[in-house]
Amino acid sequence: MYINKYEVKEIAPKVYVINEYNLATMFVIEGEDQACCIDCGLGAGDYLYVIRQLTDKPVILACTHGHCDHIGGRGQFKTLRISRGDSEIIKRNNIARRFGYLLLYYIKGDVKVPITDIKLHPTKKEPMTMFLRQDDTIGLGGKTLKVIATPGHTDGSLSFLDIEDKILFTGDVLNPTNVLWFKESDSVETLKKTMEKVKSLSDEYDFIYPSHSMEPLTKEQFENGMKACDEILKKQNSFLPILQIKNVNGYKIYYRMNNIR
């Protein structure tokens, strides 16, 4: 279904994946007492209006990491939960960075609505920041989210495990287009360790939902990601161009030579 031109899909009882005009995806998990939004997109529309059509419970915001397409809509929330390691990134992902991201997707032809429908408002008031760490929990009443540190895409990237519904939300760290080019990105070795960590938790989840997709990550995609890490680490060549792409059956890792330690 669509709400205010946002695509919304219920993937478990009271658990929703939401597509913000093909710019970003977010998730809403509603418990008996409150609801949690995982990420808030680029802030290209009225996300809070969409949430209010899904739940009337008090809403909290938890973010997987600090990039503009995950924290851009934070001005609609009173508090923001994120890792301490990614809190400084938020300051760099300002309105200019958000506009650049929007322009890139518009030029690519990916934006699903007319450009005139998009309103990128600056964040007038920063929400109060609360820091999350490994094994913290967020109780919603009948549903609990467990925080899992998953560094790679950024050093402070977090994933959230919906314990009752057995769904793991991983942000961009397991995205099949996995970017390590950023200044705040971690090493390929760290990404591989994160993948191994997620695999070791496989009894705790049935589905992995990365960002930028309305569908869960397949087992084949996950294995291709691990193979891509292995191939990068086996074939180090300092004479190759500094910006590189490793593609294993459609799972792509974009990286620099300094992402190999």
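## A guided tour, strand by strand and helix by helix

Begin by selecting V179, and you will find that this residue stands opposite Y254 in strand β16. As you go, keep in mind that what you have open is a predicted model.

**Stop 1: the strands around β16**

Widen the selection from V179 to the whole of strand β13, residues 177-179, which is joined to β16 by three bridges, the two strands running parallel. Now add strand β15, residues 243-248, and look at how it lies against β16, residues 251-256: these two strands pair in the antiparallel sense, and six bridges hold the pairing. To see one of these pairings by its residues, select L243 and R256, since R256 in β16 is the bridge partner of L243. With the strands displayed, remember that in a regular strand the side chains alternate between the two faces of the sheet.

Next, follow the chain through the turn, where β15 and β16 form a hairpin with two residues between them. Select N249, which is found in the loop between β15 and β16, and check its backbone angles, because N249 has a positive phi of about 55° although it is not a glycine. Is N249 buried or exposed? With a relative accessible area of 64%, N249 is exposed.

**Stop 2: helix α6**

Select residues 219-234, which make up helix α6, and use the distance tool on its two end C-alpha atoms. The 16 residues of this helix should span 22 Å at 1.5 Å a residue, and the ends are 23 Å apart in the model, which agrees with that expectation.

Which residues of α6 are buried? They are F222, N224, G225, M226, A228, C229 and I232. As you colour them, bear in mind that an α-helix has 3.6 residues a turn, so residues three or four places apart point the same way. To see what lies over the buried residues of α6, show helix α5 (188-200) and strand β14 (207-210) together with β15 and β16, which are included in the cover.

While α5 and α6 are both displayed, select K199 and E223, which form a salt bridge whose closest N and O atoms are 3.3 Å apart. This pair links distant parts of the chain, with K199 in helix α5 and E223 in helix α6, 24 residues apart. K199 counts as partly exposed at 40% relative accessibility, and E223 is also partly exposed, with a relative accessible area of 24%.

**Stop 3: M214**

Move to M214, whose place is in the loop between β14 and α6. M214 has a relative accessible area of 11%, and is therefore buried, the cut-off being under 20%. If you leave out residues up to four places away in sequence, M214 touches E7, K9, V17, I18, N19, T25 and Y209. For a residue farther off, select T144, which is 70 residues from M214 along the chain, and you will find their C-alpha atoms separated by 22 Å.

**Stop 4: two more salt bridges**

A search of the whole structure finds 16 salt bridges, and one of them is formed by K5 and D117, with the closest N and O atoms 2.4 Å apart. Because K5 lies in the loop between β1 and β2 and D117 in the loop between α4 and β8, the pair ties together parts that are 112 residues apart in sequence. K5, at 48% relative accessibility, counts as partly exposed, and D117, with a relative accessible area of 29%, is partly exposed too.

Just before K5, select N4, which has its place in the loop between β1 (2-3) and β2 (6-12). N4 has a positive phi of about 55° although it is not a glycine, and with a relative accessible area of 38% N4 is partly exposed.

Then select E30 and K57, which form a salt bridge with the closest N and O atoms 3.3 Å apart. E30 lies in strand β4 (residues 24-30) and K57 in the loop between α1 (47-54) and β6 (59-62), so the pair ties together parts that are 27 residues apart in sequence. E30 counts as buried at 8% relative accessibility. Add K14 to the selection, and you have a network of salt bridges that links K14, E30 and K57.

**Stop 5: a patch on the surface**

Finally, switch to a surface view and select F99, L103, Y106, I107 and I115, which form a nonpolar patch with about 500 Å² of accessible area together. Within this patch, I115 has its place in the loop between α4 (95-108) and β8 (128-132), and at 36% relative accessibility I115 counts as partly exposed.

Note on methods. Residues numbered from 1 in each chain as written. Predicted model: local features only at pLDDT ≥ 70, side-chain atom pairs only at ≥ 80, totals over all residues. Heavy atoms only, no water. Helix = DSSP H or I, 4+ residues; strand = E, 2+ residues; numbered from the N terminus. Expected span 1.5 Å × (residues − 1). Buried < 20%, exposed > 50% of the residue type's maximum accessible area, 1.4 Å probe, protein only. Contact = heavy atoms within 4.5 Å. Pairing = 2+ DSSP bridges. Patch = residues over 30% accessible without salt bridge, like charges linked within 9 Å, V, L, I, M, F, W, Y side chains within 5 Å. Areas by Shrake-Rupley, 256 points an atom, 1.4 Å probe, with all protein chains shown as cover. Salt bridge = Lys/Arg side-chain N within 4 Å of Asp/Glu carboxyl O.
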